[in-house]
Amino acid sequence: MKKRKLGFLEIWNLSFGYLGVQMGFALQNANASRILSTFGADIHQLSWFWIVAPLMGLVVQPIIGHYSDNTWSKFGRRKPYFLLGAMLASIGLILMPQAGAFTAILPALWMGAGFLMIMDASFNIAMEPMRAFVADMLPSDQRTLGYSIQTVLIGLGAVIGSWLPYVLSNWFGVSNEAAVGEIPLHLILSFGIGAVAIVVTVLITVFTTKEYSPEELEAFEKAEGKTILVEEKASFSQIFKDFGQMPKTMKQLGLVQFFTWFALFGMWVFSTPAIAHHVYGLPLDDNHSATYQKAGDWVGIIFGVYNAVSAVYAFFLPAIAKKLGRKKTHTFSLIAGGLGLISIYFIQNPNYLILSMVGVGIAWASILAMPYAILAGSIPAKKMGVYMGIFNFFICMPQIVNAVIGGPIVKYFYGGNPIYAMMTSGIALIIAALFVMRVHDVDEPLITN
């Protein structure tokens, strides 16, 4: 008894909800620093406000993964979780740029950070069950393809989300200017459109895909000769036991993920102020001028570029991995991303930043696919959700570390200049690449010549 091989459209629908989720995530990544700066956050404080994102992932994803492993209802196993996450994320997206309307309760900056926390918790409720969903539904030899298609959808969603403010402003004439302390209309509308997209795309996945039951998944494992785990009572304490018993492959990937996500967090937090100052020549304390808004919109464009590159590169990942192996593919990709970030230091023309983002896009595609394709083969089906959630620990912890030390490093060691944080991120990606070759890939497909 084997899992049925799915057709391309079925695999596409399996992850289609990620298109909307990533659209919202991209709006957050490209614009949260700009919104928080508008509400009064200093450059060296930005990473502290961003800390809510990895903290939510650290707490929420293992819990959601554990309980989705042990949930079965008429609505399915994973579906209830990513549908709930989509609904809550849409609320956070609508409210964050409107935080100034709640000043009777708290200052806009704190309300904005609170809505950022709601968004991140909700994205985390949706994301990891959707990753486990791919591993649940696909046989081993289709998982690289499944995660690659998921990466394509992530890339497409991120391109739309990243470019949306620029498109509304430059193509449809929506104002990108606002009074000091207020959010421009094109950002408010962009976040609202993202909220609708999340709900619609996740509903498409929910209604087009039928999940395997726990009994069917157990039968598949028996047929593959894998050890069948004894049924466990769903409990919070079990998560800590599972953490202590994580597979060796996961531990090895942990070092790779640490340096990878330390780098990504630095890029997301400091791109707007770094590019506004280093490339556009603005003073470090300028966070509201028309040129600053122009720089912020351009950051959205180049973020869209790296996501577009990742969507294209993801189509080729299965073939490249088949030729080189998953580990060599991931090593090459991370190095390309590291060099891309470092190159920003040498750029003075904003248009050339597109070239830097090509390397970042290559890395991003591999980051979203290869570690999960490698990891899935080392995890039993009954633990897929919880271990995918625990694996998120290696994504969240480096972001928390960067959130705590990133701002002070920029302030006291980099003289307040965030461009050096971008270079640090590039170096971290190259270090991550060096650790990839130490990883044991349990079910690495045979490499073809």
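Throughout these legends, two residues are in contact when they have heavy atoms within 4.5 Å of each other. What you see is a predicted model, in which local features need pLDDT of at least 70, side-chain atom pairs count only at pLDDT 80 or more, and totals for chains, interfaces and linings use all residues. Residues are numbered from 1 along each chain as its sequence is written, and side-chain values use heavy atoms, with hydrogens and water left out.

**View 1. The whole protein, with 17 helices and zero strands.** Helices (H or I, at least four residues) and strands (E, at least two) are DSSP runs, numbered from the N terminus. The C-alpha atoms fill a box of roughly 65 × 50 × 40 Å along the principal axes. The radius of gyration is 21 Å, which agrees with the value near 22 Å for a compact globule of 449 residues; it is taken over C-alpha atoms, and the globule rule is 2.2 Å times the number of residues to the power 0.38. Of the 449 residues, 62% count as buried, meaning under 20% relative accessible area, with exposed over 50% and partly exposed in between (1.4 Å probe, protein chains only). Among contacts between residues at least 6 apart in sequence, 84% join residues at least 24 apart.

**View 2. Ser162 in helix 7 (residues 143–170).** Ser162 counts as buried because its relative accessibility is 2%. Look for the backbone oxygen of Ala158, which lies 2.7 Å from a polar atom of the Ser162 side chain. Beyond its neighbours within four places in sequence, Ser162 is in contact with Ala26, Gly300, Ile301, Phe303, Gly304 and Asn307.

**View 3. Met267 in helix 11 (residues 248–278).** With 0% relative accessibility, Met267 counts as buried. Setting aside neighbours within four places in sequence, the contacts of Met267 are Phe303, Tyr306, Leu341, Val360, Met422 and Ser425. Phe303 may be familiar from the previous view, where it is in contact with Ser162. Gly426 is 159 residues from Met267 in sequence, yet their C-alpha atoms are 8.8 Å apart in space.

**View 4. Cys396 in helix 16 (residues 393–413).** Cys396 is buried, at a relative accessible area of 2%. Apart from neighbours within four places in sequence, Cys396 is in contact with Pro54, Gly57 and Leu58. For a sense of scale, find Pro214: 182 residues from Cys396 along the chain, it has its C-alpha atom 29 Å from that of Cys396.

Key
A polar contact is a pair of N or O atoms within 3.5 Å; within protein, one must be able to donate a hydrogen and the other to accept it, and residues adjacent in sequence count only if both atoms are side-chain atoms.
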